[in-house]
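Visitor: I have a model open on my screen and would like to learn how to read it. Could you walk me through a few features?

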Amino acid sequence: MNAPTSPVALVTGAGHGIGRATVRKFRALGTRVLAADIDLAAEDLTADPGVLAAHLDVTDPASVEACIAGCVDRLGRLDHLVCTAGGDTGSPPNFLDETDDDWQRLVDLNLYGVVRCIRAAVPRMTSGGAIAVVGSVNGLAAWGGAPYSAAKAGLVNLTQQLAAEFGPRGIRVNLVAPGTVRTRVWDDQPGSPDQMSVLYPLGRIGEPEDIANALAFLCSPDASWITGVTLPVDGGASTGPRHLFGKLPHRTP
Ligand SMILES: NC(=O)c1ccc[n+]([C@@H]2O[C@H](COP(=O)([O-])OP(=O)(O)OC[C@H]3O[C@@H](n4cnc5c(N)ncnc54)[C@H](O)[C@@H]3O)[C@@H](O)[C@H]2O)c1
């Protein structure tokens with residue numbers, strides 16, 4: 001374990017994928033971590049004495065409160081909140097087939113789950129600090145999945161609102177919007193996620209470490225004058241279709 005005065009990050013969704021890579025990135029930077037998840041197989045993470053594990057369900061207010069209070073009790077402070085818990089499971093592909101239950105479930109997880117964590121964390125970030133949230137390119141354009149995408153779009157404005165509100169407390173709030181990232185979420189899809197590389201000017205899909213690096217940067221002193229932004233980390237996909245010209249029958253619109 002690093003010295004008790006070293007910074008502490010609480011990472012939600014730390015059990016898999018982007019969250020797990022984020023724990024490793026923060027550890028490489030010497031930050032102590034509370035790794036929190038609803039499904040935490042954390043043995044390999046907690047082999048590192050700088051990582052403690054906690055159960056967390058971001059859809060349960062009591063669980064969020066207990067987890068974040070427990071972070072301060074166990075690690076002595078809270079400097080960074082990194083919200084990666086989320087996902088788009090179980091909803092039909094078409095808007096007309098999506099039910100109120102789909103909307104409630106996906107907005108509860110992807111938008112309100114972040115709201116709950118930030119509301120519980122900020123009063124405990126008594127030395128200032130940084131909040132970094134994982135949104136999605138789905139929140140910036142039509143990539144499919146209306147409830148999930150609308151929830152992720154809500155994070156864009158939430159980030160601006162909270163950056164303005166908490167700036168005077170020395171707390172920065174930023175959002176990372178990933179494109180396709182190689183995690184288990186693509187395992188049940190037909191084919192390889194690499195087939196989506198064509199959508200990306202940089203010619204590949206993302207790796208969890210690409211997102212973890214951006215989250216760590218936004219929490220670092222190097223980003224000390226950056227707040228309220230949404231940073232696409234998407235291999236250039238949000239530039240538009242220019243990179244496809246020459247591969248399509250017509251050159252420009
Ligand atoms: N993989 C992609 O292509 C991609 C693209 C854009 C955005 N994202 C976003 O990145 C984030 C991480 O996704 P990932 O691809 O690493 O998926 P993942 O399934 O590997 O990780 C998501 C994590 O969130 C946890 N989680 C789910 N519900 C939870 C809850 N109620 N409370 C606490 N933890 C919960 C899961 O157990 C898991 O560990 C998500 O917010 C997702 O929407 C992913």
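**Aromatic pairs and the core**

Guide: Gladly. Phe95 is exposed, as its relative accessible area is 55%. Do keep in mind that this is a predicted model.

Visitor: Which ring does Phe95 pair with, and how are the planes set?

Guide: The general idea is to look at the distance between ring centres and then at the angle, where planes over 60 degrees apart count as edge-to-face. There are two aromatic pairs here by that rule. In one, Phe95 meets Trp103 with 6.4 Å between the ring centres and 80° between the planes, so this pair is edge-to-face. Trp103 is partly exposed, with a relative accessible area of 29%.

Visitor: And what about Trp143 and Tyr200: how far is it from centre to centre?

Guide: Those centres are 6.2 Å apart, and with 25° between the planes the pair is stacked. Look also at where the partners sit: Trp143 belongs to the loop between S5 and H5, while Tyr200 belongs to the loop between S6 and helix H6 (208–219), so the pair ties together parts 57 residues apart in sequence.

Visitor: Is Tyr200 buried or exposed?

Guide: Tyr200 is buried, because its relative accessible area is 4% and buried means under 20%. Its partner Trp143 is partly exposed, at 34%.

Visitor: Now the interior. How many residues are in the largest nonpolar core?

Guide: A core is read as buried nonpolar residues joined through side-chain atoms. The largest one here has 33 residues, and Leu10, Ile68, Leu81, Ile118, Ile131 and Val133 have the most contacts inside it. Among the elements that give two or more residues to this core are strand S1 (8–12), helix H3 (61–75), helix H4 (100–121) and strand S5 (129–134). Another core lies apart from it, with 21 residues, including Phe26 and Leu45.

Visitor: What is Val133 in contact with, beyond its neighbours in sequence?

Guide: Setting aside residues within four places, Val133 contacts Cys83, Val114, Ile118, Leu155, Asn174, Leu175, Val176 and Leu215.

Visitor: Leu155 catches my eye. Which side chain has a polar atom 2.7 Å from its backbone oxygen?

Guide: That is Thr159, whose side-chain polar atom lies 2.7 Å from the backbone oxygen of Leu155. Thr159 is found in helix H5 and is buried, with a relative accessible area of 3%. Not counting residues up to four places away, Thr159 touches Val173, Asn174, Leu175, Gly228 and Val229.

Visitor: So Asn174 and Leu175 turn up again!

Guide: Yes, they are among the contacts of Val133 and among those of Thr159.

Definitions and conventions. Residues are numbered from 1 along each chain as its sequence is written. This is a predicted model: local features need pLDDT of at least 70, side-chain atom pairs count only at pLDDT 80 or more; totals for chains, interfaces and linings use all residues. Side-chain values use heavy atoms; hydrogens and water are left out. A nonpolar core is a set of buried Ala, Val, Leu, Ile, Met, Phe, Trp, Tyr and Cys residues joined through side-chain atoms within 4.5 Å. Buried means under 20% relative accessible area, exposed over 50%, partly exposed in between (1.4 Å probe, protein chains only). Helices (H or I, at least four residues) and strands (E, at least two) are DSSP runs, numbered from the N terminus. Contact means heavy atoms within 4.5 Å. A polar contact is a pair of N or O atoms within 3.5 Å; within protein, one must be able to donate a hydrogen and the other to accept it, and residues adjacent in sequence count only if both atoms are side-chain atoms. Rings of Phe, Tyr and Trp (its six-membered ring) pair if their centres lie within 6.5 Å; planes under 30 degrees apart count as stacked, over 60 as edge-to-face and the rest as tilted.
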